[in-house]
Structure formats: C-alpha cells, structure tokens
Amino acid sequence: MAIAQADKTINVYTALEDDQIAVYLPLFEKEHPDIKVNIVRDSTGVVTAKLLAEKDNPQADAIWGLAATSLLVADQQGLLEPYAPAGLDRILPEFRDSRNPPHWVGIDTYFSVFCVNTVELNKRNLPMPTSWADLTKPEYKGQIVMSNPASSGTGFLSVATLLQMKGEEEGWKYLDALHENIAQYMHSGSKPCRVAGAGEYVIGISFDFRAIRQKNEGQPIEAIFPSEGSGWEVEANALVKKAQIKDAAKTFLDWAISDAIMQEYAKSFPVTAAKTNVPIPAGYPADPVAQLFAGNDLNWAAANRERILEEWTKKYDVKSEPRS
C-alpha cells in the first residue's frame, strides 16, 4: 500500500505564478483526488538551475509552465523523457517540440510589457513611455526596475529579444543605455510590476499577465506594449527522465493540456497552445499575436543562453537586488 501511494505522489516543478497555481491546481485535485502533487515553485532561472543541479539524481517528476528555452537547455543535458500527452493533436505546431513523441509541449505565451504607475508618472511630470527606445531617455533615470535575466524568465526573454531585434552589437549598446536608467534588477518576473503598482518606482519591465491583473484589480498601472514589439516566451511542460517514471506524472501532463485547463490559461493569456473560445482578456491589444516580435527565435535564445547571461552578469549585475 505504501509503495502504491508513493507512486501516486509526484513532484512538479513550475514557474507559474502563485495566484495562477491557486486557480489551476484545485481543478486537477478534483479530477484526480488519488494523486498528491507537491508543487516546487520559483522563478524560471532558479527552477532551471535546480533541474540542472539535480541532473544525476532528479527530484522532479514533471515540469509545468516553465520557459521553453529552459526546457531546451534541460533537453540538451538529457534531462527530459519524450512523452506525447493525451490530446496532443490539438496543440498548434509552434507550441511543441517537433519530434514524435515530443520532449516538451507548450501551454501559452507570455510577453514583455511595461507596468507604468500613472500616479507617480504624473507626480513627476514624466511622459508616458511607448517604446523600448523611450526607456533610455534621460528623464527616466532611476525610475525603472527590471527582472534579472539570470533568475527570471521574463528578464531573459526581454534581453534575448532585444539582442535579436537590434542585432547583438546594437543590442548590447541599447542595454548599456537602459542600464543607466535602471534603479534595480529584481529576481522575479512579476516583482517589477508589483513595486511599480505600490508606487516604489514609476516603471517596471515585467510581463503581460501581471500588468493586466494589477490594472484590473484597480491599481494605478497602465500596461504598455512597446511599439517595436514584445519579447515573448512559451510556457511549456515536460516529463523528467529518471529511473522510475510514474504513471501519475503522465496523468498530470495529460491534464495540463486538456480542454478544461486550456480554457483557464486563456483567461490569463490571449495566446494559447490550443484554440479556445475564450475572448481576449481586457487590456490586451486587439491582435495580441501581432504584438509579438516576429524575429524571436527560442532555439537561438536557448543555444546562447549561457553566453548571454555571462555577459549580462558581468556588465550589469552590480545593480541587482540582494538575493533573499
């Protein structure tokens, strides 16, 4: 009996937001009350580092809602077990690994946005930024916070996109100029938006779900989608390769792309891996796909991740907040 119960207890690593998990996970528990899910939640960079550190003795059974670029890195290290979850035929090709069976399967897309505190902006008589270029203007010096790309998937997608959007040489020059205006780099994708909402800083470079959520909750936040396009990333799932792969982990991954949960993802994110009838959430552009930077190459970002982070850390880590 103890062995059977152990087989029905799984460790799931995720970078999904706590308030998302609070909505999503009870749906699984209701459908599968016999399976106990231990959630290990942290920022993307932290979860990725944990997976890589545990390579020789993996502790996770499944990965849920982690950046596809991180899963590509994990896959390069041989950490993922190919698995085709039930309902895979509904998943759009651009949201899944092209191999059969796939090594990872996406659920939705999140993208970069500026969280602007309108009260603080007006108090300082600052213009509303509308583009990446605006953020380097001298009037915003010390008013901007951003996610650290070494610890945050949101930070990494913004940096990787800017390097692709402008070309590496000009991209690093842009990041140098942006750095002049940055007050602090934070170890979370959502924290820049949270502190902007609290009025601690005027502008937080964050991601769409958090900006829209805070605005809809009545905070003085304007969600600004940069005119040059937003960096974006696919949140994705995978089965962890280990000596003992549990059926319960496969059951979880089947559920994690099911119609019922896909409808829930769509309430937070306008671009999902399977089509739904959920309307685009309030606050987004009418055509959210057009907002995504078309030249974003996730494979390039994954292949160059270590090099980019090494260079970024060397140049800019001096402004990172202390690790708690």
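Which residue in β3 is the bridge partner of Thr14? The answer is Trp64, and that pair is a handy place to start a walk through this predicted model.

Let's stay with the strands around Trp64 for a moment. Strand β3 covers residues 62-67, and 6 of its 6 residues are buried, so the strand is largely enclosed by the rest of the structure. One of its neighbours is strand β1, residues 9-14, which pairs with β3 in the parallel sense over 3 bridges. Another is strand β10, residues 232-240, and here the pairing with β3 is antiparallel, with 4 bridges. If you would like a residue pair to look for in your viewer, Ala67 has Glu235 in β10 as its bridge partner.

Moving along the chain, we come to helix α4, residues 68-76. Of its 9 residues, 8 are buried, so this helix too is largely enclosed by the rest of the structure. The buried residues are Ala68, Thr69, Ser70, Leu71, Leu72, Val73, Ala74 and Asp75. After α4 comes Gly78, which has a positive phi near 75°.

Now for another strand, β8, which spans residues 203-207 and has 5 of its 5 residues buried. Both of its faces are covered: Ile203, Ile205 and Phe207 are buried on one side, while Gly204 and Ser206 are buried on the other. The strand has partners as well. Strand β5, residues 105-117, runs antiparallel to β8 and is joined to it by 5 bridges; within that pairing, Val113 stands opposite Ser206. Strand β6, residues 144-147, pairs with β8 in the parallel sense through 3 bridges, and here Val145 stands opposite Gly204.

Ile205 is a good residue to click on in β8. Is it buried or exposed? With a cut-off of under 20% for buried, the relative accessible area of Ile205, 2%, makes it buried. Leaving aside residues up to four places away in sequence, Ile205 touches Val113, Phe114, Trp132, Leu135, Ile144, Val145, Met146, Ser147, Ser158, Leu178 and Pro192. For a sense of distance, Ile205 and Asp247 are 42 residues apart in sequence, and their C-alpha atoms are 40 Å apart in space.

Next, the helices. Two packed helices are described by the angle between their axes and the distance between the axes. With that in mind, turn to helix α2, residues 18-31, and helix α11, residues 259-268, whose axes come within 10 Å and cross at roughly 165°. That angle makes α2 roughly antiparallel to α11. The contact of α2 with α11 has 5 nonpolar, 2 polar and 1 charged residues. Gln20, Val23, Tyr24 and Leu27 come from α2, and they meet Ile261, Glu264, Tyr265 and Ser268 of α11. In this pair, α2 passes α11 in a right-handed crossing.

Helix α2 also packs with helix α10, residues 247-255; the two axes come within 11 Å and cross at roughly 125°. The two helices are therefore oblique to each other, and their crossing is right-handed. Where they touch, Tyr24, Leu25, Leu27, Phe28 and Glu31 of α2 meet Thr251, Phe252 and Trp255 of α10. By class, this contact has 6 nonpolar, 1 polar and 1 charged residues. Looking back at the contact lists, Tyr24 and Leu27 of α2 appear in the contact with α11 and also in the contact with α10.

One more helix pair rounds off the tour. Helix α7, residues 168-181, and helix α14, residues 305-316, have axes 11 Å apart and pack at an angle of about 35°. Here α7 passes α14 in a right-handed crossing. From α7, the residues in contact are Glu168, Trp172, Leu175, Asp176 and His179, and they meet Arg307, Ile308, Glu311, Trp312, Lys315 and Tyr316 in α14. Sorted by class, this contact has 5 nonpolar, 1 polar and 5 charged residues.

Terms used:
Residues are numbered from 1 along each chain as its sequence is written. This is a predicted model: local features need pLDDT of at least 70, side-chain atom pairs count only at pLDDT 80 or more; totals for chains, interfaces and linings use all residues. Side-chain values use heavy atoms; hydrogens and water are left out. Buried means under 20% relative accessible area, exposed over 50%, partly exposed in between (1.4 Å probe, protein chains only). Two strands pair if DSSP finds at least two bridges between them. Axes are lines fitted to C-alpha atoms, for helices over the stretch in contact, and angles run from 0 to 180 degrees between N-to-C directions. A crossing is left-handed if the near helix is turned anticlockwise from the far one by less than a right angle, and right-handed if clockwise. Contact means heavy atoms within 4.5 Å. Ala, Val, Leu, Ile, Met, Phe, Trp, Tyr, Cys and Pro count as nonpolar, Asp, Glu, Lys and Arg as charged, and the others, Gly among them, as polar. Angles under 35 degrees count as roughly parallel, over 145 as roughly antiparallel, 65 to 115 as roughly perpendicular and the rest as oblique.
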